[in-house]
Amino acid sequence: MSIEYSDLKTHKVKIEEDSEFVKAVVDQIVTKYSKELDDFVVLVREMLSLIKQATMKEYDDESLQMQIIKLPTILYFAGNGLEDIGAESEIAAYKRKELYNQVISSLDTSQYTIPDKKAAAERATETEDMIEKIYDRAYKKLKSKIDHAIKLLESLKKVADMRIAKINKGKGWDQGGTI
């Protein structure tokens, strides 16, 4: 058996082209619930870029505090969106199974074997199967964004904690002194 590189490349390109529509639908579902989170992450990335370019000295304390307060609020709504996508995914799975069972039961047992009935039901539910997979993919994508945003929140909190520790050290509070 010989696999040609050109055949692999052609199939890869075809898969990429075919998946563009699916990715667009997934992104549309996810963006409905993640736009504010996406905007927040872009803002943080821009601020970090300014710091790296030395255009901005550092995050000021007020901005850092506001971000630490704002991000959990954004995560709250994104989490609600995740639950909504999960519910939509479950409905998509139910609809696919319902149609699958309808097709199976509508075929006469005397004319069709069980494998024939299953094959017919699978062909009849291809669209529903794709919809179910789209919602599953959207769920996973939003879940990933939320997980990464939680890591960002933890990082912001660490920066704030380090600043507090630095201020306290300068005041001698790290030596067991009283507040």
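Here are some worked exercises on the predicted model shown above.

**Exercise 1. Work out the secondary-structure make-up of the protein and the order of its elements.**

Step 1: count the elements. There are 4 helices and 0 strands.

Step 2: walk along from the N terminus. The elements run α-α-α-α.

Step 3: put some residue ranges on the helices. Helix H1 covers 5-52, helix H2 takes in residues 61-106, and helix H4 covers 126-170.

**Exercise 2. Set the overall dimensions of the protein against those of a compact globule.**

Step 1: get the reference value. A compact globule of 179 residues would have a radius of gyration near 16 Å.

Step 2: look up the value for this model. The protein comes out at 26 Å.

Step 3: check the spans along the principal axes. The C-alpha trace covers about 90 × 40 × 30 Å.

Step 4: turn to the surface and burial. The accessible surface is about 13200 Å², with 57% of that belonging to carbon and sulfur atoms. Of the 179 residues, 23% count as buried.

Step 5: see how far along the chain the contacts reach. Take the contacts between residues at least 6 apart in sequence: 79% of them join residues at least 24 apart.

**Exercise 3. Count the charged side chains and say how far apart the centres of the two sets lie.**

Step 1: do the tally. The protein carries 29 positive and 32 negative side chains.

Step 2: compare the centres. The centres of the two sets lie 5 Å apart.

**Exercise 4. Find the largest nonpolar core and say which elements build it.**

Step 1: pick out the core. The largest one holds 25 residues, and the members touching the most others are Leu37, Leu71, Leu75, Leu142, Ile146 and Leu156.

Step 2: assign it to elements. H1, H2 and H4 each give two or more residues to this core.

Step 3: look for a further core. Apart from the largest one lies another, of 5 residues, including Tyr100, Val103, Leu107 and Ala120.

Step 4: zoom in on Leu156. Beyond its neighbours within four places in sequence, Leu156 is in contact with Phe40, Tyr59, Leu64, Gln67, Ile68 and Leu71.

**Exercise 5. Decide whether Gln67 is buried or exposed, and list what surrounds it.**

Step 1: locate the residue. Gln67 sits in helix H2.

Step 2: apply the cut-off. Gln67 counts as buried because its relative accessibility is 5%, and buried means under 20%.

Step 3: list the partners. With neighbours up to four places away in sequence set aside, Gln67 is in contact with Phe40, Leu43, Val44, Met47, Tyr59, Pro72 and Leu156.

**Exercise 6. Classify Lys70 and Ser89 by burial and name their contacts.**

Step 1: place both residues. Lys70 is in helix H2, and Ser89 lies in helix H2 too.

Step 2: classify Lys70. Its relative accessibility is 41%, so Lys70 counts as partly exposed.

Step 3: classify Ser89. The relative accessible area of Ser89 is 9%, so Ser89 is buried.

Step 4: compare the contacts, skipping residues up to four places away in sequence. Lys70 touches Glu36 and Phe40, while Ser89 touches Glu132, Tyr135 and Asp136.

**Exercise 7. Relate separation along the chain to separation in space for three residue pairs.**

Step 1: take Lys70 and Phe40. They are 30 residues apart along the chain, with 9.0 Å between their C-alpha atoms.

Step 2: take Asp38 and Glu98. Asp38 is in helix H1 and is partly exposed because its relative accessibility is 25%. Asp38 and Glu98 are 60 residues apart in sequence, and their C-alpha atoms are 36 Å apart.

Step 3: take Ser89 and Ile167. Here 78 residues along the chain go with a C-alpha separation of 49 Å.

Methods: Residues are numbered from 1 along each chain as its sequence is written. This is a predicted model: local features need pLDDT of at least 70, side-chain atom pairs count only at pLDDT 80 or more; totals for chains, interfaces and linings use all residues. Side-chain values use heavy atoms; hydrogens and water are left out. Buried means under 20% relative accessible area, exposed over 50%, partly exposed in between (1.4 Å probe, protein chains only). Contact means heavy atoms within 4.5 Å. The radius of gyration is taken over C-alpha atoms; the globule rule is 2.2 Å times the number of residues to the power 0.38. Accessible areas come from the Shrake-Rupley method with a 1.4 Å probe; for residues, only the protein chains shown count as cover. Lys and Arg count as positive and Asp and Glu as negative; His and the chain ends are not counted. The place of a charge is taken as NZ of Lys, CZ of Arg, CG of Asp or CD of Glu. A nonpolar core is a set of buried Ala, Val, Leu, Ile, Met, Phe, Trp, Tyr and Cys residues joined through side-chain atoms within 4.5 Å.
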